[in-house]
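Reader: I would like to go through the labels given to this structure and ask, for each one, what it rests on. Could we begin with the term that decides how accessible a side chain is said to be?

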Amino acid sequence: METIDSYFRYCCEISEDSEEIQYNDDVIHVKNVFKDPYRMLKFQSLLTKWESCHNAKPGIMSLKLPYWTGELIADDLLDLPDHDDFLNESEFYYFYYNNVGMDSGGIDNLRSNNCILPHTDPGKRRETNIIGLINLNQREVSTGFWKFNGNLLEETEEIADEYNEYSSQITYSNYHQKINNGILDKDFDVKYGFNEAIFYDSKCFHQPNIDKYYTRENPRIMMRLSYVLDGEEEECYDN
């Protein structure tokens, strides 16, 4: 029986010219990720896709890859602190304009659909979970980062509960009155081009910027990586 392990290793070859840049205290920006990003584009096209796997994600997603696929990237691309490699996650996301996540509650969920409100992916709050997004679109993409009551990170259940309550009151009709008002504020956007990546703490309030260019037939293709840092190493990464 043939497998795709060796083909993935071929597609995942990291560029010798990769460059890691500390965008700010919260985001790392990496340029020239893969030696040949068109190999990885070909690889993702071979994978079976789910219709958002029955969740609130605004688009299509691939089957998850084995943990070691994310480790290849961590080993060769990032100076990542100690982490549990068996908890690594790798997959591809395909977002597009005006899609509605299967479990998102419909078009009026502003955190799903077009993601005009931020969300977090905290996992277990006692852990530091690092998310990586690699842009496989042949155009620039951007990810927005927000603050809620001055907090960039949803570090406590109290902040999570307060944000859930506040965001549930936001609709298309009152959106502009409910943002950039000292409560929920866009802090910054990170723009990154084809074969570039960003890495950030999953507890950050963030949003993918999805414009009308992206359709179901031509979606926003991103490789998503996730790493859970060892507890004693979290402070080192934060610094």
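Author: A residue is called buried under 20% relative accessible area and exposed over 50%, with partly exposed in between. Please keep in mind throughout that this is a predicted model.

Reader: What makes Lys-186 count as partly exposed?

Author: Lys-186 has a relative accessibility of 29%, and since partly exposed covers what lies between under 20% and over 50%, the label follows. Asp-189, at 31%, also counts as partly exposed.

Reader: Why are Lys-186 and Asp-189 said to meet in a salt bridge?

Author: The rule asks for a side-chain nitrogen of Lys or Arg within 4 Å of a carboxyl oxygen of Asp or Glu, and the side chains of Lys-186 and Asp-189 come to 3.3 Å, N to O, so the pair satisfies the rule. By this rule the count comes to 10 salt bridges, and Glu-13, Lys-35, Asp-36 and Arg-39 are linked in a network of them.

Reader: Which side chain meets Glu-91 in a salt bridge, and what parts does the pair tie together?

Author: The partner of Glu-91 is Arg-224, at 3.7 Å from N to O. Because Glu-91 lies in strand S5 (residues 89-95) and Arg-224 in strand S11 (residues 220-228), the pair ties together parts that are 133 residues apart in sequence.

Reader: Are Glu-91 and Arg-224 buried or exposed?

Author: Glu-91 counts as buried at 2% relative accessibility, and Arg-224 counts as buried at 10%, because the label applies under 20%.

Reader: How do you know that Asp-121 forms a salt bridge with Arg-224?

Author: The closest N and O atoms of Asp-121 and Arg-224 are 3.9 Å apart, and the limit is 4 Å, so the contact qualifies. Asp-121 lies in the loop between S5 and strand S6 (129-135) while Arg-224 lies in strand S11, so this pair ties together parts that are 103 residues apart in sequence. Asp-121 itself is partly exposed, with a relative accessible area of 24%.

Reader: Which residues touch the most other members in the largest nonpolar core?

Author: Phe-34, Met-40, Phe-199 and Met-223 do so, in a core of 53 residues. S11 supplies the largest share of this core, 5 residues. Another core, of 12 residues, lies apart from it and has among its members Leu-117, Phe-148, Ile-170 and Tyr-175.

Reader: What makes S8 and S10 the edge strands of their sheet?

Author: The open sheet of 3 strands has the order S8-S7-S10, with antiparallel pairing, and strand S8 (184-192) and strand S10 (205-208) each pair on one side only. The twist averages 25° from one strand to the next.

Reader: Why are S7 and S8 regarded as paired?

Author: Pairing requires at least two bridges, and 8 bridges join strand S7 (residues 141-148) to S8, so the requirement is met. Phe-145 stands opposite Phe-188 in S8. Helix H4 (residues 157-167) packs on the sheet, touching S7, S8 and S10, and its direction makes about 105° with that of S7.

Reader: Where does pLDDT stay under 50?

Author: That applies to residues 233-237, for which the model has 12 contacts beyond four places in sequence. Where pLDDT is low, the predicted coordinates should not be read in detail. The protein chain averages a pLDDT of 88, and 89% of the residues score at least 70.

Notes. Residues are numbered from 1 along each chain as its sequence is written. This is a predicted model: local features need pLDDT of at least 70, side-chain atom pairs count only at pLDDT 80 or more; totals for chains, interfaces and linings use all residues. Side-chain values use heavy atoms; hydrogens and water are left out. Helices (H or I, at least four residues) and strands (E, at least two) are DSSP runs, numbered from the N terminus. Buried means under 20% relative accessible area, exposed over 50%, partly exposed in between (1.4 Å probe, protein chains only). A nonpolar core is a set of buried Ala, Val, Leu, Ile, Met, Phe, Trp, Tyr and Cys residues joined through side-chain atoms within 4.5 Å. Axes are lines fitted to C-alpha atoms, for helices over the stretch in contact, and angles run from 0 to 180 degrees between N-to-C directions. Contact means heavy atoms within 4.5 Å. pLDDT is the predictor's confidence in each residue, from 0 to 100.
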